[in-house]
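Reader: Hi, I have a model open and I would like to go through it slowly with you. Could you show it here, so that we can talk about it?

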Amino acid sequence: MKAPSLTIGIEEEYQIIDPATGELKSYITQILDEGKLILKEQIKAELHQSMVEVGTEICQTPADARNELVKLRRSISELAGRHGLVIAAAGTHPFSNWEQQEITPFERYLGVQNDMQDLARQLLIFGTHVHIGIEDRDFLIDAMNVARYFAPHILCLSTSSPFWTGRRTGLKSYRSIIFRHFPRSGMPPFFDGWPEYNGMVEAMVRTNCIPDGSKIWYDVRPNHRYPTLEFRICDVCTKVDEAVCIAAIFQAIIAKLWKLRRDNLTFRVYPTELIEENKWRAVRYGLDGKMLDLGKQKEVPVRELIHELIDWFLRDVLDELGTRAEVEYAYKIMEGGSSADRQLKTFNEAGSTRAVVSQLVRETQEGVS
């Protein structure tokens, strides 16, 4: 079995904002042609015109990914600035309403709208997707089965969507709730190897459920085009350092699982229902909650579990990968709070979601401009 390349690719979805009002601005079609001239295929429209998606080139290290993200955020900011607009990175907009947003008039998105109706129109959410290169399909499925367990832990570090249509939701990742309305979403079930997963996708294509594997929207999935395991669970990270951190952690998890597999070992695979319970706790409480330590069968504070993940499970691969600094940025997130925690702090102090938007715009530019 061939060792995985462990390449990294990151996709981020940004909000296009009118700085005069703080509202989302439906404007992607106006800036897309200019963007294509500069970024080529690294810039894409999304379902709503107030959203712009970017994707890094294939990166070998988190440091490479950081350089790419800085370049992309700077370029998109400059493009938006030419039209008097700004960008922000958060899982939901603090107060703009989905009912007032325009759908991008491209065939792909009009098709999604036709299929999903209000579920698509309501999908005004923004995520970070991390691809880790795994060329062997059997190991890719093995890694997906195991890595599901850790996905809620990493979601806690990325939570950035505590508001929805101007309301404080009481959740740290409301984006996760909105996306869960879609079919074929949430935590993937256990698959007994690539043939079972591929057979499921082929059956859905054959029976006209989906056109291809891109419509399998699991939190962790094999990408249908590239030899990668794609982690889709995270809210978009407000700061570049946060995005680089979660990408480095996902890469380290796959490196560790490969090391175990190489030595004829593995990490225990847990029931999907229990992993979903941990995801719910991540969505609700973020870093301030407790999760189930499924090995010990007890509740443990999230921060302790993340420390254990880094200090015990991943410690031997971090120096091999040279990514200790990027991974240990998680300690800084745990100390100062996720983006959702910071947004709520600003709201409590200022009493205004407009102030939260201003904060998000500033933090999105940290280390970029």
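Author: Before we begin, one term is needed: contact, or touching, means that heavy atoms lie within 4.5 Å. Please also keep in mind that this is a predicted model.

Reader: Okay, so what does Leu257 touch, not counting residues up to four places away in sequence?

Author: Once those residues up to four places away are set aside, Leu257 touches Phe139, Ala143, Val146, Ala147, Phe267 and Phe313.

Reader: And which residues touch the most other members of the largest nonpolar core?

Author: That core has 129 residues, and Leu257 is among those that touch the most other members, together with Tyr197, Ile249 and Ile254. The largest share of this core comes from helix H9, residues 240-262, which supplies 16 residues.

Reader: Where is Lys256, and is it buried or exposed?

Author: Lys256 has its place in helix H9. Because buried means under 20% relative accessible area, Lys256 counts as buried, with a value of 11%.

Reader: Which side chain does Lys256 have a polar contact with?

Author: The side chain of Lys256 is joined to that of Asp316 by a polar contact of 3.1 Å. Not counting residues up to four places away in sequence, Lys256 touches Phe313, Leu314, Asp316 and Val317.

Reader: Changing topic to strands, how many residues of E5 are buried?

Author: In strand E5, which covers residues 127-133, 7 of its 7 residues are buried. In a regular strand, side chains alternate between the two faces of the sheet. Both faces of E5 are covered, with Gly127, His129, His131 and Gly133 buried on one side, and Thr128, Val130 and Ile132 buried on the other.

Reader: Which strands are joined to E5 by bridges, and in what sense?

Author: E1 pairs with E5 in the antiparallel sense over 5 bridges, and Glu12 stands opposite Thr128 in that strand. E5 is also joined to strand E11, residues 228-235, by 6 bridges, and these two run antiparallel. There, Gly133 stands opposite Thr228 in E11.

Reader: What about Ile8, where is it, and what is it in contact with beyond its neighbours within four places in sequence?

Author: Ile8 is found in strand E1, which spans residues 8-17, and at 2% relative accessibility it counts as buried. Leaving aside neighbours within four places in sequence, the contacts of Ile8 include Thr56, Glu57, Ile58, His131, Ile132, Ala247 and Gln251. Although Ile8 and Glu57 are 49 residues apart along the chain, their C-alpha atoms are separated by 8.6 Å.

Reader: What joins E12 and E13?

Author: Strands E12, residues 290-293, and E13, residues 298-301, run antiparallel and are joined by 4 bridges, with Met291 standing opposite Val300 in E13. The two strands form a hairpin with 4 residues between them, and Gln297 in the turn has a positive phi of about 60 degrees.

Reader: Why would anyone point out a positive phi?

Author: It is pointed out because most residues other than glycine have a negative phi. Gln297 is not a glycine, yet its phi is positive, near 60 degrees. Leu6 has a positive phi of about 60 degrees too, although it is not a glycine.

Reader: Is Gln297 buried or exposed, and what about Leu6?

Author: Gln297, which lies in the loop between E12 and E13, is exposed, with a relative accessible area of 63%. Leu6 has its place in the segment before E1 and is buried, with a relative accessible area of 12%.

How values were computed: Residues are numbered from 1 along each chain as its sequence is written. This is a predicted model: local features need pLDDT of at least 70, side-chain atom pairs count only at pLDDT 80 or more; totals for chains, interfaces and linings use all residues. Side-chain values use heavy atoms; hydrogens and water are left out. Buried means under 20% relative accessible area, exposed over 50%, partly exposed in between (1.4 Å probe, protein chains only). A nonpolar core is a set of buried Ala, Val, Leu, Ile, Met, Phe, Trp, Tyr and Cys residues joined through side-chain atoms within 4.5 Å. Two strands pair if DSSP finds at least two bridges between them. A polar contact is a pair of N or O atoms within 3.5 Å; within protein, one must be able to donate a hydrogen and the other to accept it, and residues adjacent in sequence count only if both atoms are side-chain atoms.
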